[in-house]
Amino acid sequence: MEKLFEPHLIEFPKIKDPRGNLSFAEGGQQLPFEIERVYWTYDIPSWRERHGRALRTCAEVIIATSGQCTVSVDNGNGIPREFTLNRSNQGLYIPPMTWRSISGFVTGSTCITIASKLYDEADYIRDYQQFKSSLSDELR
């Protein structure tokens, strides 16, 4: 299957700027989309899951800028794949209509999420069963 339709790691140049400057990503050389939105996710207790949801039309890249976290992705087959992010020179590409959640934050961890679309409440699917139903509807 083509990489744009599968979650995968994207390699970035090592960030040498102590401020975590991501200007290399702004050029769009590694990202398969134009950047429309960027936001932070901060550490949460490691046993908690955060941001369990899918986006209908928005693609994302999640980058751990400090510490470590685990991102679980599921394309609807019920078999999640886990990616541990702990380096700012790798980002996880998440295509539209992929269920994802973030967990396992180490204390003090932060992630930056780069998105292909502006925030749109209607684009979010926050219930896994609704997500699976939406996938079935698309196949019909």
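This is a short talk on one sheet, one core and a few residues of a predicted model.

Let's start with the sheet. It is open and has 5 strands. Their order is β6-β5-β8-β3-β10, and the pairing is antiparallel. In general, strands of a sheet pair through backbone hydrogen bonds, either parallel or antiparallel.

Which strands stand at the edges? They are β6, residues 81–85, and β10, residues 124–125. Each has a single partner strand, so one side of each is left without a neighbour in the sheet.

Now step inside the sheet. Strand β5 covers residues 69–74, and strand β8 covers residues 99–103. These two pair in the antiparallel sense over 5 bridges. Look for V73: it stands opposite R100 in β8.

Stay on β5 for a moment. T70 sits in this strand. Is T70 buried or exposed? It has 14% relative accessibility, so it counts as buried. Leaving aside neighbours within four places in sequence, T70 is in contact with E82, F83 and T84, and also with S101, I102 and S103.

Next, the core. The largest nonpolar core has 12 residues. Among them are I62, V71, V73, F83, L92 and I102. Four elements give two or more residues to this core: β4 (60–66), β5, β6 and β7 (90–94). Which of the elements gives the most? That is β5, with 3 residues.

Take I62 from this core. Beyond its neighbours within four places in sequence, I62 has contacts that include V71, L85, L92, I102 and C111. There is also another core, lying apart, with 10 residues. I10, L31, A59 and Y93 are among its members.

Let's move to strand β3, residues 50–55. R53 has its place here. Its relative accessibility is 3%, so R53 counts as buried. What do the side chains do? R53 and Y39 are joined by a polar contact of 2.8 Å between side chains. A second such contact, of 3.0 Å, joins the side chains of R53 and E60. Not counting residues up to four places away in sequence, R53 also touches residues including W99, R100, Y124 and I125.

H51 lies in β3 too. This residue is partly exposed, at 28% relative accessible area. H51 and S101 are 50 residues apart along the chain, yet their C-alpha atoms are separated by 5.1 Å. With residues up to four places away in sequence not counted, H51 touches Y39, T41, R100 and S101.

Last topic: aromatic rings. How many aromatic pairs does a search of the whole structure find? It finds 4. One of them is W99 with Y128. This pair is edge-to-face, with 5.5 Å centre to centre and 85° between the planes. W99 lies in strand β8, and Y128 lies in helix α2, residues 128–139. So the pair ties together parts that are 29 residues apart in sequence. W99 is buried at 12% relative accessibility, while Y128 is partly exposed at 22%.

Now the rings of Y119 and Y124. Their centres are 5.3 Å apart and their planes are at 50°, so this pair is tilted. Y119 is partly exposed, with a relative accessible area of 45%. Y124 is buried, at 13%.

One more thing to find on the screen. W99, Y128 and F131 form one aromatic cluster.

How values were computed: Residues numbered from 1 in each chain as written. Predicted model: local features only at pLDDT ≥ 70, side-chain atom pairs only at ≥ 80, totals over all residues. Heavy atoms only, no water. Pairing = 2+ DSSP bridges. Core = buried A, V, L, I, M, F, W, Y, C linked by side-chain atoms within 4.5 Å. Buried < 20%, exposed > 50% of the residue type's maximum accessible area, 1.4 Å probe, protein only. Contact = heavy atoms within 4.5 Å. Polar contact = N/O pair within 3.5 Å; in protein donor to acceptor, adjacent residues only side chain to side chain. Phe/Tyr/Trp six-rings, centres within 6.5 Å; stacked < 30°, edge-to-face > 60°.
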